[in-house]
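User: Hi! I would like to take a close look at a single part of this protein. Could you walk me through it once it is on the screen?

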Amino acid sequence: MVRANGAVSLRELARVVQTSEVTVRRDVRALEAEGLLDRRHGGAVLPGGFTRESGFPQKSHLATAEKTAIADLAASFVEEGEAIVVGAGTTTQELARRLARVPGLTVVTNSLLVAQALAHANRVEVVMTGGTLRGSNYALVGSGAEQSLQGLRVSRAFLSGSGLTAERGLSTSNMLSASVDRALVQAAAEVVVLADHTKLGSDTMFQTVPTDVITRLVTDEPPAHDDRAATELQALADQGVQIAVAGGSGSDAVPPRQPRRDVSLPGPRRVQAGSAGAGLRATSVLSEPAGAEQRAARVADMRRR
């Protein structure tokens with residue numbers, strides 16, 4: 001299936017072979033160990049390491065439920081009359097569909113999919129960058145896109161990517177896309193990253209947003225067995241990133257272990273530690289170092305909360 005389609009989701013694999021996702025995940029790990037495929041974004045792709053990037057048809061079928069939940073929560077942070085930038089990606093496309101209901105909004109984007117989602121919104125103004133069309137993700141890239149963003153200033157940037165780690169921040173597999181994303185970041189006072197739990201701990205070739213520039217991460221609730229995602233969430237929170245977790249009865253915030261230190265940045269301005277976003281509530285999840293069993297128990301506690 002991976003050879004035929006380029007990528008496949010764990011959920012689809014489980015449905016086809018009529019078994020659980022836990023069993024499929026174990027088998028995919030074994031196939032990855034043999035070099036037959038790479039695990040990525042809640043599924044599997046053809047092997048290619050840091051440089052390989054799935055196209056839009058493949059990405060659009062991966063982690064769809066998680067992307068929907070993330071988009072719902074991210075949209076709650078956008079206020080009437082605001083000016084924002086929205087980058088390219090399947091998760092940001094889901095966000096754009098919800099932004100169509102926000103009156104007086106101005107959205108600057110390099111994504112044809114984002115613009116299409118907002119094309120018929122009555123009270124939303126869409127401003128597109130220039131640039132060269134990159135067909136694999138329907139985004140405008142290159143010097144034309146970057147130059148059109150010079151001198152722009154908006155309140156927030158909403159970006160996605162291929163991987164997110166506490167060490168390097170947000171990253172992507174394509175150099176042209178990374179360069180435009182960095183230009184989008186420079187135009188915004190705050191940076192909001194949208195990334196489902198399958199991207200946590202994944203690292204790709206080109207860094208787009210360093211961790212200390214990310215204001216908030218909107219993600220979904222990691223499964224109890226996903227120790228890597230839980231560990232990465234805590235590491236991001238410890239570096240001052242506000243964590244908004246979609247799912248359950250509301251959203252959860254993963255608190256940092258130490259008080260946040262504000263840093264002076266040449267680009268986007270970070271929000272103050274005390275400004276909890278809409279719908280966030282503090283929890284004790286992942287507040288201390290723990291082994292796999294303890295982390296699993298705390299993630300389960302977050303689910304109950």
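In S13, which residue is the bridge partner of Leu170? Please also describe the sheet around that pair.

Analyst: Happy to help! Before we zoom in, please keep in mind that this is a predicted model, where local features need pLDDT of at least 70 and side-chain atom pairs count only at pLDDT 80 or more, while totals for chains, interfaces and linings use all residues. Residues are numbered from 1 along each chain as its sequence is written, and side-chain values use heavy atoms, with hydrogens and water left out.

Now to your pair: the bridge partner of Leu170 in S13 is Val209. A word on the names: helices (H or I, at least four residues) and strands (E, at least two) are DSSP runs, numbered from the N terminus. Strand S11 covers residues 169–172, and S11 pairs with S13 in the antiparallel sense over 3 bridges. Two strands are said to pair if DSSP finds at least two bridges between them.

Let's step back to the sheet. In general, strands of a sheet pair through backbone hydrogen bonds, either parallel or antiparallel. Here, 3 strands form an open sheet in the order S10-S11-S13, with antiparallel pairing. The edges are taken by strand S10 (163–165) and strand S13 (206–209); each has a single partner strand, so one side of each is left without a neighbour in the sheet. From one strand to the next, the twist averages 40 degrees.

A helix joins the picture too. Helix H9 (residues 175–186) lies across S11 and S13, and H9 runs at about 20 degrees to S13. Such angles run from 0 to 180 degrees between N-to-C directions, using axes that are lines fitted to C-alpha atoms, for helices over the stretch in contact. Contact here means heavy atoms within 4.5 Å.

While you have the model open, look at a loop as well. Tyr138 is found in the loop between strand S7 (132–134) and strand S8 (139–141). Although Tyr138 is not a glycine, it has a positive phi of about 55 degrees. Is Tyr138 buried or exposed? The answer lies in between: at 35% relative accessibility, Tyr138 counts as partly exposed. The cut-offs are under 20% relative accessible area for buried and over 50% for exposed, with partly exposed in between (1.4 Å probe, protein chains only).
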